[in-house]
Amino acid sequence: SILDILLNAYAIYDDQGMMTEKGTITVNGQSADPEFGHTFVIAPNTDVEIGFVPNSDKAWSLETATVNGTDVTTALVDGKYTIKNINGNQLVKATWKQGKTYTLNIGGFNNGYISVNGTDIYGSTTYTYAEGQNITLVIQPNDGYGISSFQLNYTDEKNNLTNNGDGTYSYTFTLTADTEVYIYFDKKWSLTTTFNAGGSVTIGGESVTSGTVKEIVGAMSEGS
């Protein structure tokens, strides 16, 4: 038996020619071709499980699922439909619809890298996500550098970064609007304070004792 998968505008392209998948149709766990559909050869009189998997990160959901022209959308169980005892050619189609999305623009950095939900980026990048998507940023300065500024929609959030203890810092938020993130790195220095009893020193408004070593990110002049 022949099982033809017609993806029906399975993917769209942005103005830079980058493909965004709307959703995936699977046959017994195997994905169909992401652009052009797929033809599967199935042994007669066997059961075939068809899966419909929307790209929910981009706010896509399944609109309709049909098998040989019959709408089976309401018959899906956990996004899957089983053709029992297949004994003839079948044509499977899906259409998808998109909900509310927002853009996440990340930029402004050199001398370090950032990962967005596990994907490493090394330069200014714009993503599109579904409304309500949880975003986790992991920031790693290059050797000898630290984070001088971390801005979320032009608000300084550096003090709200989580130090992961391995040279990286993380920040998690929920996307509810178009969002701008800017990360800046600068040289990192160690400043050791030494002074006689009876004196006092403050660094960044914090009183320190003699022998304290503080990490400073940013420009320092001789004698600072």
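This report walks through a four-stranded sheet, a loop residue beside it and the aromatic rings of a predicted model.

## The open sheet

Let's start with the strands. Four of them make up an open sheet, in the order 5-4-7-10, and their pairing is antiparallel. At the edges you will find strand 5 (30–31) and strand 10 (80–86); each has a single partner strand, so one side of each is left without a neighbour in the sheet. As a reminder, strands of a sheet pair through backbone hydrogen bonds, in either a parallel or an antiparallel way.

Strand 7, which covers residues 46–54, is a handy place to trace the pairing. With strand 10 it pairs in the antiparallel sense over five bridges. Two positions help you follow this on screen: Gly51 has Lys80 of strand 10 as its bridge partner, and Val48 stands opposite Ile83, also in strand 10. Strand 7 is also joined by five bridges to strand 4 (residues 23–27), and these two strands run antiparallel. Here you can look for Thr24, which stands opposite Val53 in strand 7.

## Asn45 in its loop

Now to the loop between strand 6 (38–41) and strand 7, where Asn45 has its place. Is Asn45 buried or exposed? With a relative accessible area of 54%, Asn45 is exposed, because the cut-off for that label is over 50%.

Which residues does Asn45 touch, leaving aside its neighbours within four places in sequence? The contacts of Asn45 are Asn85, Ile86 and Asn87. Asn45 and Asn85 are 40 residues apart along the chain, yet 4.0 Å separates their C-alpha atoms. Of these contacts, Asn85 and Ile86 fall within the range of strand 10 (80–86).

## Aromatic rings

Four aromatic pairs are present in the structure. One of them is formed by Tyr127 and Tyr129, which are stacked, with 5.8 Å from centre to centre and 25° between the planes. The pair counts as stacked because its planes are under 30 degrees apart. Both partners, Tyr127 and Tyr129, are buried.

Tyr129 has a charged companion as well: the charged end of Lys58 sits over the ring of Tyr129, at 4.8 Å from the ring centre. If you would like to view another group of rings, turn to Phe150, Tyr171 and Phe173, which form one aromatic cluster.

Terms used. Residues numbered from 1 in each chain as written. Predicted model: local features only at pLDDT ≥ 70, side-chain atom pairs only at ≥ 80, totals over all residues. Heavy atoms only, no water. Phe/Tyr/Trp six-rings, centres within 6.5 Å; stacked < 30°, edge-to-face > 60°. Buried < 20%, exposed > 50% of the residue type's maximum accessible area, 1.4 Å probe, protein only. Lys NZ or Arg CZ within 6 Å of the ring centre and 35° of its normal. Pairing = 2+ DSSP bridges. Contact = heavy atoms within 4.5 Å.
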